[in-house]
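Colleague: Please take a close look at how one part of this model is packed, and set out the geometry and the contacts in a single account. I should be glad to have the aromatic pairs included.

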Amino acid sequence: MNGSSADALTRSIVLWCPDWPIRAAVLQHPELSPDAPLALIEKGLVFACSTAARAAGVRRGLRVREAQARCTELAVLPYDPQADARFFEPVLAAVEQTVPGVQPIRPGMCALRSRGPARYYGGEAEAVRVLLAVLAEHGVPDARAGVADGPFAAELAARRAAVAPGPGPGAEPSVFIVPAGGSPAFLADLPVEVMGDGAFAALCTRLGLRTLGALAGMRVDELVERFGATGARVFALVTGRDAQVVVPRAPQRTLERQLAFDEGLDRVDQLAFAVRQTADDVIAGLTTAKLVATSVTVTVQTEDGRESARTWLHPRWFTAVDLVDRLRWQLQGSGSGGGELAAPVVRVVFTPESVDAAHHHEQGLWGDAPDERVHHALARVQSMLGHDAVVTAAIGGGRLLEDRQVLVPWGDRSPGGTAERAAQPWPGSLPDPLPATVFLPRVGVALLAASGEAVAVSERGLVEGDPALFAAASGARSIGSHAEALRLARPIEGWAGPWTVDEKWWDPVAARRVHRFSVIDADGTAWLLLFDGAEWFAEARYD
């Protein structure tokens with residue numbers, strides 16, 4: 001690469017918004033006046049202060065009490081870096097729309113490569129004038145710009161523009177343009193404090209090196225010997241050989257889509273029809289970005305100011321039909337059974353929360369048609385019957401088998417802590433192997449003595465009666481009466497128990513006490529029974 005190419009690559013434009021932290025604080029607190037004395041405090045020291053505060057003697061780095069002593073009318077706020085960056089984002093976006101390839105340096109300052117804008121607008125001065133006009137339109141009329149070889153010199157040129165305009169015909173008060181190759185001469189008279197390293201500046205001052213020109217007059221090996229890698233970097237900067245290049249940020253893709261209604265819609269079917277095009281736009285945006293969404297937040301705002309937001313998951317990825325279904329499910333139940341809503345909806349927002357590269361979800365070489373048909377069938381049933389109509393089972397924690405089975409709507413994650421509860425020891429739970437058939441809900445059965453009387457378990461866990469007969473209806477039907485139990489009763493080959501499960505005895509509302517029994521019927525089938533103090537139930541069966 002020749003010298004001219006290198007100069008073209010490092011030639012930079014820096015845009016600076018003076019007192020940006022103060023401007024952001026005023027935007028965050030509209031009750032404050034931008035002309036009033038204001039200081040932002042970080043760690044007990046003044047981080048930034050307004051023009052009125054500086055006129056009263058307040059300076060960066062002062063303690064709060066000293067700053068308030070110099071200016072009794074000083075308003076003090078904590079410095080909020082998040083608000084600083086948040087309010088600068090629209091300004092960056094506006095600059096990017098005019099000239100792409102912006103590198104944020106810090107909130108209130110950004111850099112661009114000068115070659116492209118200069119060629120497009122007919123010169124560096126013309127390009128800077130356009131950019132400053134953009135900043136003025138977005139609320140920064142006092143912005144400054146500097147142009148030089150490298151971002152370091154360009155930043156110092158932008159700060160110099162606040163004091164005096166740059167050389168050359170047509171120079172403006174808010175612009176300082178350093179001619180190509182003139183960075184060493186421009187930097188020579190600047191103090192070493194502009195390097196931004198207080199310890200380094202203090203050491204240079206003690207050594208008698210008070211300006212950048214004095215550092216530039218030294219040999220590079222002397223600086224490296226004294227300051228190491230810092231010395232080499234400083235020498236490159238002060239001699240105008242800034243090797244830094246502007247690295248544009250990757251603009252964020254806007255995947256969110258929203259639809260607003262001038263007149264609110266109060267029926268679910270009307271909303272589902274109205275948002276179809278918006279749902280198509282969401283999927284089209286994801287497809288253009290070569291992404292798929294596995295998690296989407298649907299936000300609904302009603303006429304009365306209420307806002308409902310829910311994050312929906314999908315076992316594969318969302319389609320436009322899936323988005324419309326999620327909106328419909330979210331709205332169902334909020335109004336009457338006829339599909340009317342409690343309040344008209346005026347705004348719907350689809351926000352992809354979790355996205356993944358589309359190539360991670362491509363079909364295999366031979367396709368995966370069976371899996372595709374299963375997902376399509378489940379999605380179809382869920383679309384017709386509702387979100388909770390199709391469920392999958394997850395293993396949870398608990399002592400009874402019905403507690404261990406957690407049903408989750410298809411596509412949703414298991415409730416938080418499910419896996420952790422399942423991993424706990426749960427004293428009193430059944431050991432392996434667990435029964436294959438679990439009855440949900442429980443099935444009513446009968447355990448009888450040889451006389452036909454029902455067997456019971458006392459409060460002390462003692463069996464009252466000698467179990468001899470067992471009656472269970474066919475299928476998953478409960479026994480309806482004692483006469484039916486006598487008719488279906490068959491001898492048992494063996495029994496064991498009871499094992500008492502006594503949970504939360506200290507809580508009258510949540511307390512639960514049941515007794516487990518194990519019986520083997522005449523066919524050799526093992527049953528797991530529960531007695532709740534009044535009735536017998538079949539909890540499970542060992543098939």
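Modeller: Axes are lines fitted to C-alpha atoms, for helices over the stretch in contact, and angles run from 0 to 180 degrees between N-to-C directions. The model is predicted, so local features need pLDDT of at least 70 and side-chain atom pairs pLDDT 80 or more, whereas totals for chains, interfaces and linings use all residues. Numbering starts from 1 along each chain as its sequence is written, and side-chain values use heavy atoms, without hydrogens or water.

The axes of helix 5 and helix 7 (residues 124–137; DSSP runs, numbered from the N terminus: helices H or I of at least four residues, strands E of at least two) come within 10 Å and cross at roughly 145°. On the helix 5 side, V91, A94, V95 and T98 meet V130, L131, V134 and L135 of helix 7 (contact: heavy atoms within 4.5 Å).

The sheet is open and has five strands in the order 5-6-1-7-8, with mixed pairing (at least two DSSP bridges between two strands). Strand 5 (102–106) and strand 8 (175–177) stand at the edges with a single partner strand each, so one side of each has no neighbour in the sheet. From one strand to the next, the twist averages 20°. Strand 1 (residues 11–16) runs antiparallel to strand 7 (residues 144–149), and six bridges join the two; R11, for instance, has D149 of strand 7 as its bridge partner.

Helix 5 (residues 81–98) also packs on this sheet, where it touches strand 1, strand 5 and strand 6 (109–113), and its direction makes about 155° with that of strand 5. Helix 8 (residues 151–161) lies across strands 1, 5, 6, 7 and 8, running at about 145° to strand 7.

Helix 5 further takes part in one of the 12 aromatic pairs in the structure (Phe, Tyr or six-membered Trp rings with centres within 6.5 Å; planes under 30 degrees apart are stacked, over 60 edge-to-face, the rest tilted). The ring centres of W20 and F88 are 5.2 Å apart and the planes stand at 70°, so this pair is edge-to-face. W20 belongs to helix 2 (residues 20–28) and F88 to helix 5, so that the pair links distant parts of the chain, 68 residues apart. Both W20 and F88 are buried (under 20% relative accessible area, with exposed over 50% and partly exposed in between; 1.4 Å probe, protein chains only).
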